[in-house]
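Got the viewer open? Here's a short walk through one chain, with a suggestion at each stop for what to select.

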Amino acid sequence: MTYSSSLTDKEWEIIEPLLPKKKKTKPPTWSKREILDGIFYQLKNGCRGV
């Protein structure tokens with residue numbers, strides 16, 4: 001699912017090489033792109049208090 005805060009493919013091509021490489025461990029639950037999209041979503045939209 002994409003949001004207005006999600007990275008475009010062009011933006012991801014720029015950012016991906018700057019991120020550290022993954023060590024040989026178990027496969028991650030979320031990709032680095034999904035994690036960044038979540039961070040950008042929170043920054044743009046905030047979080048409602050419960």
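The tour below goes from a helix to its side-chain contacts and then to the surface. Keep in mind that this is a predicted model.

**Stop 1: helix 2.** Select residues 32–45, which make up helix 2. Put a distance between the C-alpha atoms at its two ends and you should get 20 Å. That agrees with expectation, because 14 residues at 1.5 Å a residue should span 20 Å. Now step just past the helix to G46, where phi is positive, near 75 degrees.

**Stop 2: the aromatic pair.** Searching the whole structure turns up one aromatic pair. Show the side chains of Y3 and Y41: the ring centres are 4.9 Å apart and the planes sit at 55 degrees, so this pair is tilted. Edge-to-face would need over 60 degrees. Which parts of the chain does the pair link? Y3 belongs to the segment before helix 1 (9–15) and Y41 to helix 2, with their positions 38 residues apart in the numbering. Switch on a surface and look at each ring's residue in turn: Y3 is partly exposed at 42% relative accessibility, and Y41 is partly exposed too, at 31%.

**Stop 3: S6, next to Y3 in space.** Stay in the segment before helix 1 and pick S6. A polar atom of the S6 side chain lies 2.9 Å from the backbone nitrogen of Y3. Is S6 buried or exposed? S6 is buried, with a relative accessible area of 14%; the cut-off for buried is under 20%.

**Stop 4: the salt bridge.** The whole structure has one salt bridge by this search. Select D9 and R33, whose side chains meet with an N to O distance of 3.0 Å. This is another link between distant parts of the chain: D9 is in helix 1 and R33 in helix 2, 24 residues apart. As for cover, D9 counts as exposed at 54% relative accessibility, while R33 is partly exposed at 22%.

**Stop 5: the nonpolar patch.** Finish by selecting W30, I35, I39 and L43 and colouring them on the surface. Together they form a nonpolar patch with about 470 Å² of accessible area. One of them, I39, is in helix 2 and counts as partly exposed at 43% relative accessibility. While you look down the helix, recall that an α-helix has 3.6 residues a turn, so residues three or four places apart point the same way.

Methods
Residues are numbered from 1 along each chain as its sequence is written. This is a predicted model: local features need pLDDT of at least 70, side-chain atom pairs count only at pLDDT 80 or more; totals for chains, interfaces and linings use all residues. Side-chain values use heavy atoms; hydrogens and water are left out. Patches are made of residues with over 30% relative accessible area and no salt bridge: like charges are joined within 9 Å, nonpolar side chains (Val, Leu, Ile, Met, Phe, Trp, Tyr) within 5 Å. Accessible areas come from the Shrake-Rupley method with a 1.4 Å probe; for residues, only the protein chains shown count as cover. A salt bridge is a side-chain nitrogen of Lys or Arg within 4 Å of a carboxyl oxygen of Asp or Glu. Helices (H or I, at least four residues) and strands (E, at least two) are DSSP runs, numbered from the N terminus. Buried means under 20% relative accessible area, exposed over 50%, partly exposed in between (1.4 Å probe, protein chains only). The expected span of a helix is 1.5 Å times one less than its number of residues. Rings of Phe, Tyr and Trp (its six-membered ring) pair if their centres lie within 6.5 Å; planes under 30 degrees apart count as stacked, over 60 as edge-to-face and the rest as tilted. A polar contact is a pair of N or O atoms within 3.5 Å; within protein, one must be able to donate a hydrogen and the other to accept it, and residues adjacent in sequence count only if both atoms are side-chain atoms.
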